[in-house]
Amino acid sequence: MRHGKKFNHLGRTADHRRAMLANMAISLIMHKRITTTLAKAKALKKYVEPLITRSKDDSTNSRRVVFSYLQNKEALKELFGVVAQKVGDRPGGYTRVIKLGSRLGDGADMAFIELVDFDENMLKTPKAEKKTRRSRKSAAPKAEAPVAEEAPAVEEAKVEEAPATEEAKAE
């Protein structure tokens, strides 16, 4: 019986699963975003988030523990250097899984997994400028301001027309 064994085995042996997750973690750290199946992305999230948490403490022991999982010096440098600086103040939730739909060949649910602090599109849009249903009320006063500016322009045009009409009557 498999009581209490809740992680996804992904249809692989333990050694194959460990190697696959290590390779995917290295790719995620180096490229900041990878596309894979939804099941693998969820399994990778559970695998890589403790490693990122460990990288916040840059000590010899932390580096050795993470290296025992990854076995890649370049990924270790990237994780303890660039990634650890970006996620230093974040309490958790370092990755994001976004569903993409199903794969054409076999219908597998696809997703991409990315490091949250490295998504340029999400960082460009500030939270204050997001459109919500309530933001319509704040847009109404902005629409009134140009109307007030147009009114003096109309009066100036009338002033210019008045002498022109008097000259036309004189002729």
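Biologist: Where is the place of Gln71 in the chain?
Modeller: Happy to start there, with the reminder that this is a predicted model. Gln71 has a phi near 60°, a positive value in a residue other than glycine. Its place is in the loop between α3 and α4 (73–86).

Biologist: Is Gln71 buried or exposed?
Modeller: The relative accessible area of Gln71 is 54%. The cut-off for the exposed class is over 50%, so Gln71 counts as exposed.

Biologist: Lys32 is not a glycine, so what is the sign of its phi, and where is Lys32 found?
Modeller: Phi of Lys32 is about 70°, which is positive. As for its place, Lys32 is found in the loop between α1 and β1 (33–37).

Biologist: And is Lys32 buried or exposed?
Modeller: Lys32 has a relative accessibility of 14%. Buried means under 20%, so Lys32 counts as buried.

Biologist: Let's turn to the rings. How many aromatic pairs does the structure hold, and which residues form an aromatic pair?
Modeller: The structure holds one aromatic pair. Its centres are 5.9 Å apart and its planes make an angle of 80°, which is edge-to-face. The partners are Tyr47 and Tyr69.

Biologist: How many residues apart in sequence are the parts that this pair ties together?
Modeller: Tyr47 belongs to helix α2 (residues 38–55), while Tyr69 belongs to helix α3. The pair therefore links parts of the chain whose separation in sequence is 22 residues.

Biologist: Which class of accessibility does Tyr47 fall in, and which does Tyr69?
Modeller: Tyr47 has 14% relative accessibility, so Tyr47 counts as buried. Tyr69 has 41% relative accessibility, so Tyr69 counts as partly exposed.

Biologist: How far apart in space are Tyr47 and Arg18, C-alpha to C-alpha?
Modeller: Tyr47 is found in helix α2. In sequence, 29 residues separate Tyr47 and Arg18. In space, their C-alpha atoms are 9.4 Å apart.

Biologist: Over the face of which residue does Arg33 lie, and over the ring of which residue does the charged end of Arg63 sit?
Modeller: For Arg33, the distance to the ring centre is 4.3 Å, and the ring is that of Phe112. For Arg63, the distance from the charged end to the ring centre is 4.6 Å, and the ring is that of Phe80.

Biologist: Now for the largest pocket: how much space lies in it, and which residues are the closest to its centre?
Modeller: The largest pocket holds about 330 Å³ of space. It is lined by 13 residues, and the closest to its centre are Phe7, Asn8, Arg17, Leu21 and Ala43.

Biologist: Which element gives the most to the lining of the largest pocket?
Modeller: Two elements, α1 (14–31) and α2, give two or more residues to the lining. By class, the lining residues divide into seven nonpolar, one polar and five charged. With five residues, the element that gives the most is α2.

Biologist: How do the elements of the chain run from the N terminus on?
Modeller: The chain has six helices and three strands. Of its 171 residues, 28% count as buried. From the N terminus on, the order is α-β-α-α-α-β-β-α-α.

Biologist: Which element has the lowest mean pLDDT, and which the highest?
Modeller: Over the chain, the mean pLDDT is 83, and 73% of the residues reach 70 or more. Among the elements, the lowest mean, 53, belongs to helix α6 (residues 135–170). The highest, 97, belongs to helix α3 (residues 60–70).

Definitions and conventions:
Residues numbered from 1 in each chain as written. Predicted model: local features only at pLDDT ≥ 70, side-chain atom pairs only at ≥ 80, totals over all residues. Heavy atoms only, no water. pLDDT = per-residue confidence, 0-100. Helix = DSSP H or I, 4+ residues; strand = E, 2+ residues; numbered from the N terminus. Phe/Tyr/Trp six-rings, centres within 6.5 Å; stacked < 30°, edge-to-face > 60°. Buried < 20%, exposed > 50% of the residue type's maximum accessible area, 1.4 Å probe, protein only. Lys NZ or Arg CZ within 6 Å of the ring centre and 35° of its normal. 1 Å grid on protein atoms, 1.4 Å probe; cavity = no way out; pocket = protein on both sides within 12 Å on 5 of 7 lines; lining within 4 Å. Points joined across faces, edges and corners; volume = space filled by probe spheres on them. Nonpolar A, V, L, I, M, F, W, Y, C, P; charged D, E, K, R; others polar.
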